[in-house]
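Me: I'm new to reading protein models, and I'd like a close look at one part of this one. Could you walk me through it in plain words?

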Amino acid sequence: MSLPPQCSVFSAEAAAAFIAATTPSDRPILVLTDSASVISALQSDTPTHPWIQGILMNAPADTVFTWIPGHCGVPCNEKADRLAGSGHARERHTDSIPLMDLKRWIKSSCRQYWGNLWSQSRTAFLRKIKDTVEPWTDLPVLKDQRVISRLRNGHTLLSHNMGGGPFRKECEVCHIPATVEHVLCVCPIYEGQRQLHNIAGNIGEVLRDDPDTIKTLFKFLHDCNLYELI
């Protein structure tokens, strides 16, 4: 049998157990499975998967489920694995997709589409900071989270005028735009503190999602009296 491609491995295991347990038989049914997840779900007080629910509601009362450990190297069991692997080419068991699998598939598809858009973004600075759309860690202190977020999107009070004057500020020493990358990685004013705190010259490394790196960055910002200017 086969299932829609959106179905998870667990759903495939649950579907196989459902078919084995509910196919009419004139003898007691013994279902052998190496899926500990299916066995655990069958023992749950509140199972949520539709095929697990179907087993509990429709399987004969004397049906026995037995877990067997992984069976790599056992010829007969490896043959069973090969047969299971060929199931995708066979007639589809159902076109129904469990809601939990559908949600996971939609979320994965949206993230993939978003990732493609992100990789094509013309905003080079943002791609230097983050080359994927995977979530980053939130910081426990709101002020710290605000500071790191502003640094990562490149819009800070240090680099931009929020009132009058030119929108982008200029470095008073280098006479070039005072970008976040310039201040953190290049500007000679902060070279001593940069060396003291071992701040990398790569903006992607300076602002990466790593607790120790962020802790070092904040020490640098405080020592340079920049934290409150972000």
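Is Arg 208 buried, partly exposed or exposed, and what is its relative accessibility? Please start there and then show me the surroundings.

Reply: Happy to! Keep in mind that this is a predicted model. Arg 208 counts as partly exposed because its relative accessibility is 35%, and partly exposed covers the range between under 20% (buried) and over 50% (exposed).

Now look at the partners of Arg 208. The side chain of Arg 208 meets that of Glu 205 in a salt bridge, at 3.2 Å from N to O. Arg 208 also forms a salt bridge with Asp 210, where the closest N and O atoms are 3.9 Å apart. Put together, Glu 205, Arg 208 and Asp 210 are linked in a network of salt bridges. Glu 205 is partly exposed as well, because its relative accessibility is 38%.

Let's turn from charges to the nonpolar side chains. The largest nonpolar core has 27 residues, and those with the most contacts inside it include Ile 203, Leu 207, Leu 217, Phe 220 and Leu 221. Among the elements that give two or more residues to this core are helix H10 (203-206) and H11. H11 provides the largest share, 5 residues. For a closer view, take Leu 221: leaving aside neighbours within four places in sequence, Leu 221 is in contact with Val 147, Leu 151, Leu 184, Leu 226 and Tyr 227. There is also a second, separate core of 16 residues, which includes Leu 3, Ala 21, Ala 41 and Ile 55.

Aromatic rings are the next thing to find. The model has 2 aromatic pairs. One of them joins Tyr 190 and Phe 220 edge-to-face, with 6.5 Å from centre to centre and 75° between the planes. Tyr 190 sits in the loop between helix H8 (180-186) and helix H9 (191-196), while Phe 220 belongs to helix H11 (residues 211-223), so this pair ties together parts that are 30 residues apart in sequence. Both Tyr 190 and Phe 220 are buried. Phe 218 and Tyr 227 form a pair too: their ring centres are 5.8 Å apart and their planes are at 85°, so this pair is edge-to-face. Phe 218 and Tyr 227 are both buried.

Just past this stretch you can find another salt bridge, between Glu 228 and Lys 143, with the closest N and O atoms 3.9 Å apart. This one links distant parts of the chain, since Glu 228 is in the segment after H11 and Lys 143 is in helix H7, 85 residues apart. Glu 228 is exposed because its relative accessible area is 58%, whereas Lys 143 counts as partly exposed at 29% relative accessibility. In total, the model has 5 salt bridges.

Finally, step back to the whole chain. It has 11 helices and 2 strands, and buried residues make up 33% of its 230 residues. Among contacts between residues at least 6 apart in sequence, 57% join residues at least 24 apart. Both the Tyr 190 and Phe 220 pair and the Glu 228 and Lys 143 bridge are good places to see links between parts of the chain that are apart in sequence.

Technical notes
Residues are numbered from 1 along each chain as its sequence is written. This is a predicted model: local features need pLDDT of at least 70, side-chain atom pairs count only at pLDDT 80 or more; totals for chains, interfaces and linings use all residues. Side-chain values use heavy atoms; hydrogens and water are left out. Rings of Phe, Tyr and Trp (its six-membered ring) pair if their centres lie within 6.5 Å; planes under 30 degrees apart count as stacked, over 60 as edge-to-face and the rest as tilted. Helices (H or I, at least four residues) and strands (E, at least two) are DSSP runs, numbered from the N terminus. Buried means under 20% relative accessible area, exposed over 50%, partly exposed in between (1.4 Å probe, protein chains only). A nonpolar core is a set of buried Ala, Val, Leu, Ile, Met, Phe, Trp, Tyr and Cys residues joined through side-chain atoms within 4.5 Å. Contact means heavy atoms within 4.5 Å. A salt bridge is a side-chain nitrogen of Lys or Arg within 4 Å of a carboxyl oxygen of Asp or Glu.
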